[in-house]
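Subject: Structure for your review

Hello,

Here is the structure I said I would pass on. My notes on it follow below.

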Amino acid sequence: MADNKRRGEDAGDDRLHDEVVDDVADDDATDAEEPVSRGGGTATRSRAKAESADRPKTRAETDRVGLFGRIARFIREVVAELRKVIWPTRKELLTYTAVVVAFVAVMLTIVAGLDYAFAKGVLWVFGNPS
């Protein structure tokens, strides 16, 4: 009920929500391991915690790795991720570069035109200082 009030729902909705949950809880009374979730996903989190407590700890979870070990692992993971990248061909790279340069040129033209128009408009409204 506190979750519902945090979400800004009024007390009438809490009563309806509780009735629906109670009906579901009566139907699932045979499965005592999983608590009834009220939309927060508590059953999934508690089950995951229970499973993680049952399995033995691995070396990475129990031993502390030094600074150089962490740096080496980071570099190995970076290299592994770079091997997964699908690199573009030379033709694709040139095409993408041309598209980006053309887009930037068009946007530069639009911004420069608007800047010029606003500058002329301001001078027209407030007068020429010369």
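**Fold and surface**

The chain has six helices and zero strands. Along the sequence this reads as α-α-α-α-α-α. Please keep in mind that the model is predicted.

Of the 130 residues in the chain, 3% count as buried. About 11,900 Å² of the chain is exposed, and carbon and sulfur atoms supply 62% of that area.

Two surface patches came up.

The first to mention is nonpolar. Leu 67, Phe 68, Ile 71, Phe 74, Ile 75, Val 78, Val 79, Leu 82, Val 85 and Trp 87 form this patch on the surface, and together they have about 1,000 Å² of accessible area. One of its members, Phe 74, lies in helix 5. Phe 74 counts as exposed because its relative accessibility is 55%, and the cut-off for that class is over 50%.

The other patch carries positive charge. Arg 64, Arg 70, Arg 73 and Arg 76 gather there on the surface. Arg 73 also lies in helix 5, which covers residues 67–84. Is Arg 73 buried, partly exposed or exposed? Its relative accessible area is 36%, so Arg 73 falls between the limits of 20% and 50% and is partly exposed.

In short, helix 5 holds Phe 74 from the nonpolar patch and Arg 73 from the positive one.

Regards

Conventions
Residues are numbered from 1 along each chain as its sequence is written. This is a predicted model: local features need pLDDT of at least 70, side-chain atom pairs count only at pLDDT 80 or more; totals for chains, interfaces and linings use all residues. Side-chain values use heavy atoms; hydrogens and water are left out. Patches are made of residues with over 30% relative accessible area and no salt bridge: like charges are joined within 9 Å, nonpolar side chains (Val, Leu, Ile, Met, Phe, Trp, Tyr) within 5 Å. Accessible areas come from the Shrake-Rupley method with a 1.4 Å probe; for residues, only the protein chains shown count as cover. A salt bridge is a side-chain nitrogen of Lys or Arg within 4 Å of a carboxyl oxygen of Asp or Glu. Lys and Arg count as positive and Asp and Glu as negative; His and the chain ends are not counted. The place of a charge is taken as NZ of Lys, CZ of Arg, CG of Asp or CD of Glu. Helices (H or I, at least four residues) and strands (E, at least two) are DSSP runs, numbered from the N terminus. Buried means under 20% relative accessible area, exposed over 50%, partly exposed in between (1.4 Å probe, protein chains only).
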